[in-house]
Amino acid sequence: MAQLLFKDVNKVYPNGYHAVHDFNMEIKDGEFICLVGDSGCGKSTTLRMIAGLEDITAGEFYIDGVLANQMSSRDRGIAMVFQSYALYPHLTVYENLAFGLMLEGIDADVIEEKVQATAKILGLTDYLERFPRNLSGGQCQRVAVGRALIRKVKIFLMDEPLSNLDAKQRVTMRSEIRQIHRSVGATTIYVTHDQTEAMTMSDRIVVMKSGGYVQQIGTPYELYFYPKNLFVAGFIGEPPMNFIRGKVEGGRLNAYGLDLDLAPVVRNIADIEGKEAVFAFRPEAVKLECGEDSYKITSKVELTELLGDTTNVYAVVGEGDKKVNVILKVNPHNAPEMGSEFSFYIPRTASYVFDAETEEIVENDIERR
Ligand code: ADP
């Protein structure tokens, strides 16, 4: 197991592209960390710097307190699992698992023991004599994980390992990888563009934005309930958070026919007086009855989607060219009709206010519930 430390780590590619900016983080021994963000935001570049496959242009990277910038990949104690699992098609599962150990000249009986132990963890014991072409995508990915697992390493690096699997296999593999992590305990850095994957698997998540800028580092709970800025608020959560932008005058946001008193949800309303602000709430925060401390919003329903446990309501607030789309999640038994007028309530504890210019959350002391 290993502890990792990044101090102002930057990556500039030879063509001058600055792919990662001032990455700062301490990763604890045995933590499961997801790097998440849209394609091209620098996740793989960061992972490859950890692996030693990419030089660090500036800053310092430590493994267990030892400066590792110049350390060879071999000496870092890492194993990597990629999106394309690249198994040897002409070798059986057993041979695929054993291959790396054979190259290292390890005794056959030791290899046998390790292959059997790894296969057991991954539920591959019955498949050891099969060839990759006779396995499902999920089983192939398990073999790929097994090849990494069989070498006792301190750090696991995974780059979108589930993206070639279908939706059902992805869900199964998600929990399998978590269980493997729990039993093996190696520090794991996992790259994904899928916020659900990040939310369900991580101890902590690093949200990155294009240009290689870290937006927020926190537990799934912290990122969901306490996003620091509009980017994180919009990235975490599905369907995404609703944003209503308008000017603040006299402590109130007047936009799209709404007149919302923001003072109760920000610590110092003077900070945003006269400025553009964004009032935000999650689709699932919607209530159909007026609570004591809640905002009332009236909308017109354009479309509803019954998902079973919930109904997604696509609605507009405002009229003509002054309207904004919102998505609301409601109990299917109380879902509004398409085309109808629909009033709903947002508790203050579920309301967010961002400064539209800086995109940062406006300070508040709200305990989210
Ligand atoms: P992600 O994994 O988040 O999709 P990457 O880390 O692969 O993103 O890439 C980050 C950015 O760096 C992208 O804009 C990509 O085009 C650029 N990039 C990646 N590799 C190179 C390279 N060898 N030379 C120049 N630019 C690169």
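Author: Start with a definition. On a 1 Å grid over the protein atoms alone, a cavity is a set of points where a 1.4 Å probe fits but cannot get out, and lining residues have an atom within 4 Å of a point. The model here is predicted: local features need pLDDT of at least 70, side-chain atom pairs count only at pLDDT 80 or more, and totals for chains, interfaces and linings use all residues. Numbering runs from 1 along each chain as its sequence is written, and side-chain values use heavy atoms, leaving out hydrogens and water.

Reader: How many cavities of 30 Å³ or more does the structure hold?

Author: A volume is the space filled by probe spheres set on the points, which are joined across faces, edges and corners. The structure has 1 cavity at or above 30 Å³. The largest cavity holds about 40 Å³ of space.

Reader: Which residues line the largest cavity?

Author: Find Phe32, Leu149, Phe156 and Met158, then Ile177, Ile180, His181 and Thr188. Sort them by class: Ala, Val, Leu, Ile, Met, Phe, Trp, Tyr, Cys and Pro are nonpolar, Asp, Glu, Lys and Arg charged, the others, Gly among them, polar. This lining then has 6 nonpolar and 2 polar residues, with no charged ones.

Reader: Which element gives the largest share of that lining?

Author: Elements are DSSP runs, numbered from the N terminus: helices (H or I, at least four residues) and strands (E, at least two). Helix α5 gives the largest share of the cavity lining, 3 residues. Both β7 (155–159) and α5 (167–184) supply at least two residues each.

Reader: What is the volume of the largest pocket?

Author: A pocket is an open set of points, with protein on both sides within 12 Å along at least five of seven lines. The largest pocket has a volume of about 800 Å³. Its lining counts 29 residues. Look for Ile78, Ala79, Met80, Arg147 and Arg151, which lie nearest the centre of the pocket. Three elements, β6, α2 and α4 (137–149), give two or more residues to this lining. Helix α2 gives the most, with 6 residues. By class, the pocket lining splits into 18 nonpolar, 6 polar and 5 charged residues.

Reader: Which residues surround the ligand?

Author: A residue is near a molecule if one of its heavy atoms lies within 4 Å of it. Around the ligand sit Tyr13, Asn15, Tyr17 and Ala19, followed by Asp38, Ser39, Gly40, Cys41, Gly42, Lys43, Ser44 and Thr45. This shell has 4 nonpolar, 6 polar and 2 charged residues. Helix α1 (residues 43–51) gives the most to the shell, with 3 residues.

Reader: Where do polar atoms of glycine 40 and the ligand meet?

Author: A polar contact to the ligand is a pair of N or O atoms within 3.5 Å. At glycine 40, a polar backbone atom lies 2.7 Å from an oxygen atom of the ligand. Serine 44 uses its side chain: an N or O atom there is 2.8 Å from a ligand oxygen. The side chain of tyrosine 13 has an N or O atom 3.4 Å from a nitrogen atom of the ligand.

Reader: Which peptide bond is cis?

Author: Go to the bond from glutamate 238 to proline 239, which is cis with omega near -5 degrees. Proline 239 sits in the loop between α8 (230–235) and β11 (242–249).

Reader: What is the phi of aspartate 64?

Author: Phi of aspartate 64 is near 50 degrees, a positive value in a residue other than glycine. Aspartate 64 lies in the loop between β4 (58–63) and β5 (66–67).

Conventions: A polar contact is a pair of N or O atoms within 3.5 Å; within protein, one must be able to donate a hydrogen and the other to accept it, and residues adjacent in sequence count only if both atoms are side-chain atoms.
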